[in-house]
Amino acid sequence: MSNDEVPELREHVGWGRRDDDYPTLFERCNFWAGVRDENNKLIAFGYVCGMGLEHGYMEDIIVHPMYQGRGIGVELVKELLRESEQFGLTIVTVSYEENKTNFYKACGFTPGSGGLWQA
């Protein structure tokens with residue numbers, strides 16, 4: 001995967017590009033997954049990070065707006081969870097906006113309360 005593909009996808013969904021995060025993110029996360037269209041263009045991406053022990057954290061589940069609502073995001077998350085289990089992670093957490101609750105429930109997550117600190 002080239003270093004500009006994920007920033008371009010982030011931009012398509014209205015997030016900051018964070019160009020400086022790549023390729024460092026690929027080197028530091030436990031694993032990542034992407035989905036490409038018939039033209040080999042990246043249309044979905046997500047990753048799991050953490051210490052690699054029992055617990056991982058899923059981040060940046062992104063699906064290009066033109067491909068949303070087709071089940072691609074659910075399959076991406078489920079693949080990341082399968083990989084998490086093979087990796088030895090027994091707990092995976094994710095933070096999301098309240099309007100995404102049903103999406104993550106469909107992926108197998110149990111909603112819970114949490115908090116966010118941001119500088």
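This is a short walk through the structure above, from its sheet to its helices and then to its largest pocket. Keep in mind that the model is predicted.

Let's begin with the sheet. Here 4 strands form an open sheet, and their order is S1-S2-S3-S4. The pairing in this sheet is mixed. At the edges you will find strand S1 (31-36) and strand S4 (91-94), each of which pairs on one side only. If you ignore direction, neighbouring strands of this sheet are turned by 25 degrees against each other on average.

Now look at the two strands in the middle of that order. Strand S2, residues 42-49, pairs with strand S3, residues 55-63, in the antiparallel sense, and 5 bridges hold this pairing. Together S2 and S3 form a hairpin with 5 residues between them. In the turn sits Gly50, which has a positive phi of about 145 degrees. You can follow the pairing residue by residue: Tyr47 stands opposite Glu59 in S3, and Cys49 has Tyr57 in S3 as its bridge partner.

Tyr57 also leads us on to the next strand, since its bridge partner in S4 is Thr93. S3 and S4 run parallel and are joined by 4 bridges.

Stay with S4 for a moment and look at its side chains. In a regular strand the side chains alternate between the two faces of the sheet. Along S4, Val92 and Val94 point to one face and are buried. Ile91 and Thr93 point to the other face and are not buried.

What lies across the sheet? Helix H3, residues 72-87, lies across S1, S2, S3 and S4 and runs at about 150 degrees to S1. H1 lies across S1, S2 and S3, running at about 105 degrees to S2. Within H1, the residues Glu5, Val6, Pro7, Leu9 and Arg10 are buried. The buried residues of H1 pack against H2, S1, S2 and S3. After H1 comes Gly14, with a positive phi near 90 degrees.

Next, find Asp21 in the loop between helix H1 (5-12) and helix H2 (24-28). Is Asp21 buried, exposed or partly exposed? Its relative accessible area is 24%, so Asp21 counts as partly exposed, because buried would mean under 20% and exposed over 50%. The side chain of Asp21 makes a polar contact with the side chain of Arg18, at 2.6 Å. Asp21 can also be compared with Pro7 of H1: the two are 14 residues apart in sequence, while their C-alpha atoms are 8.8 Å apart in space.

Finally, let's turn to empty space. Rolling a probe the size of a water molecule over the atoms shows where such space is left. In this model, the largest pocket holds about 1500 Å³ of space. It is lined by 40 residues, and the closest to its centre are Trp15, Ser95, Tyr96, Glu97 and Tyr104. The elements that give two or more residues to this lining are S3, H3, S4 and helix H4 (101-106). Which element gives the most to the lining? That is S3, with 7 residues. So the strand we met as a partner of S2 and of S4 meets us again at the pocket.

Definitions and conventions
Residues numbered from 1 in each chain as written. Predicted model: local features only at pLDDT ≥ 70, side-chain atom pairs only at ≥ 80, totals over all residues. Heavy atoms only, no water. Buried < 20%, exposed > 50% of the residue type's maximum accessible area, 1.4 Å probe, protein only. Polar contact = N/O pair within 3.5 Å; in protein donor to acceptor, adjacent residues only side chain to side chain. Pairing = 2+ DSSP bridges. Axes fitted to C-alpha atoms, helices over the stretch in contact; angles between N-to-C directions. Contact = heavy atoms within 4.5 Å. 1 Å grid on protein atoms, 1.4 Å probe; cavity = no way out; pocket = protein on both sides within 12 Å on 5 of 7 lines; lining within 4 Å. Points joined across faces, edges and corners; volume = space filled by probe spheres on them.
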